[in-house]
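Here is a short report on a predicted model. Two topics are covered: a DNA-binding surface and a helix pair.

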2 protein chains.
Amino acid sequence: MNNTQRSTQTRTAILDEATRCFASEGYDATGVAEICEKAGVSKGAFYYHFDSKETVFLELIDSWLKNLEVTLQSVVSQSETVPTGLLDMAGRLQPVIEHNQEILGLFLELWSHASRNEKVRSATIAPYRRYQEIFAGLVRRGIAEGTLGEVDPIITGQLLLSLSSGLFLQASMDPTGADWGKVLHNSIDLILKGIERKDEK
Amino acid sequence: MNNTQRSTQTRTAILDEATRCFASEGYDATGVAEICEKAGVSKGAFYYHFDSKETVFLELIDSWLKNLEVTLQSVVSQSETVPTGLLDMAGRLQPVIEHNQEILGLFLELWSHASRNEKVRSATIAPYRRYQEIFAGLVRRGIAEGTLGEVDPIITGQLLLSLSSGLFLQASMDPTGADWGKVLHNSIDLILKGIERKDEK
DNA sequence: TATATAATACCGACCGGTCGTTATGTTATA
DNA sequence: TATAACATAACGACCGGTCGGTATTATATA
């Protein structure tokens, strides 16, 4: 195996294991030694590839938030109409909210550090505001195509994003407290009913 | 000053300062020494009154969640109709979401630890489920009094709670990212429009 | 092609410091 | 005087990060 191969191999091994640890135990409770042990590398390798534990975390959330944005964009752009697009989104989120504790845990870690650590905050807020914009754009499209009534796109977008975040939050806190996938689906249905265009008006 | 007086005085001093620290810096980043220093007491006093740092945190969130429940109950019970009750709630939450970083910070800390620490989880989930029940009961009342349409009370309650949580989350992460008070108000308005009884039907 | 040199990738013991907790001593109240 | 209510200092575990050294691979030289 050549240098670049084994380099990327240990790098990704560290990142993968760090993701798991951060998600399941939290950033603070996860030690560098622990990540290294589970990844099968030494501390030397860790600090050869990364400046600090913090940079690993930042790199993780960065790639993760970018991935999410791409996913959101593709779902939005592929949808025929806005209501079906929203339902598509709900369908995509459902398995995540129901089974993927890893993703939920990472989200939680992200949120709890974003409001205290300046670097994490700036790495989080920018993509998050773009998510708001994606949602708002979707609503605008819905108004333009006639499927949605005359609602405020920005407010409605923020409502949708807040609802998603809140559902993620509750699902990660209390996974068995409700059928979260169903709650998600019905919530979207309910909101859609509220913002869809009423013809009789 | 007699013994019981000064005892409760230092006790509450510790609890107050712990609240501030946990909220602004987070549980892990807050040291026992820091709490003691700001509260003007010694470590000896701290461990004379509390078993551990964790028990302080648990006591804090317990009283805090109980307070919240009382507040929710009172707002709900004092409202004339359900729609006005929801708008009242939004009005109550608005100053919190706009200005009170302390409360938001504590919430964040609560959430991030509830999914990892078993004691925190059990202390959190029980009241949270009661909140869901309060919201669901409010919706049921609305259907009964004829102000709301035939929506699912449980799902709608969870929707409302998720939305609130999500708004809290975003407001604490990105306080200047939006006029969160306005978003809250408009979101409630929008949902109300969706679930209010339509007479023409 | 064989060998020397250099650069890359990695190892693991160790350091400085922090943190929660405890053991012991001191003061105020009953 | 006895006990409750504190203060002080120290302990021991742990953790992020460093550093001298070692393989492993790449490159230059002959």
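The DNA contacts come first, then the helix packing.

**Around DNA strand C**

In this predicted model, 20 residues surround DNA strand C. The closest are A:Thr10, A:Tyr48, A:His49, B:Asn2 and B:Lys53. Of the atoms of DNA strand C that come within 4 Å of the protein, 69% belong to sugar and phosphate.

Helices from both chains take part. In chain A, α1 (3-25) and α3 (43-49) each supply at least two residues of the surface near the strand, and so does α3 (43-49) of chain B. By residue class, this surface has six nonpolar, 11 polar and three charged residues.

Three polar contacts to DNA strand C are listed here.

| Residue and atom | Partner in DNA strand C | Distance |
|---|---|---|
| A:Arg6, backbone N or O | phosphate oxygen | 3.3 Å |
| B:Lys43, polar side-chain atom | base oxygen | 2.8 Å |
| B:Tyr47, side-chain N or O | phosphate oxygen | 2.8 Å |

**A helix pair in chain B**

Helix α5 (residues 82-99) of chain B packs against helix α9 (residues 180-195) of chain B. Their axes lie 8 Å apart, at an angle of about 165°. Because angles over 145 degrees count as roughly antiparallel, α5(B) is roughly antiparallel to α9(B). The crossing of α5(B) and α9(B) is right-handed.

On the α5(B) side, the contact residues include B:Leu86, B:Leu87, B:Ala90, B:Leu93 and B:Ile97. On the α9(B) side, they include B:Trp180, B:Leu184, B:Ile188 and B:Leu192. The contact of α5(B) with α9(B) comprises 10 nonpolar, four polar and three charged residues. Among its other members are B:Glu98 of α5(B) and B:Lys182 and B:Asp189 of α9(B).

Definitions and conventions: Residues are numbered from 1 along each chain as its sequence is written. Chains are lettered from A and ligands numbered from 1 in the order in which they are written. This is a predicted model: local features need pLDDT of at least 70, side-chain atom pairs count only at pLDDT 80 or more; totals for chains, interfaces and linings use all residues. Side-chain values use heavy atoms; hydrogens and water are left out. Axes are lines fitted to C-alpha atoms, for helices over the stretch in contact, and angles run from 0 to 180 degrees between N-to-C directions. Helices (H or I, at least four residues) and strands (E, at least two) are DSSP runs, numbered from the N terminus. Angles under 35 degrees count as roughly parallel, over 145 as roughly antiparallel, 65 to 115 as roughly perpendicular and the rest as oblique. A crossing is left-handed if the near helix is turned anticlockwise from the far one by less than a right angle, and right-handed if clockwise. Contact means heavy atoms within 4.5 Å. Ala, Val, Leu, Ile, Met, Phe, Trp, Tyr, Cys and Pro count as nonpolar, Asp, Glu, Lys and Arg as charged, and the others, Gly among them, as polar. A residue is near a molecule or strand if one of its heavy atoms lies within 4 Å of it. A polar contact is a pair of N or O atoms within 3.5 Å; within protein, one must be able to donate a hydrogen and the other to accept it, and residues adjacent in sequence count only if both atoms are side-chain atoms.
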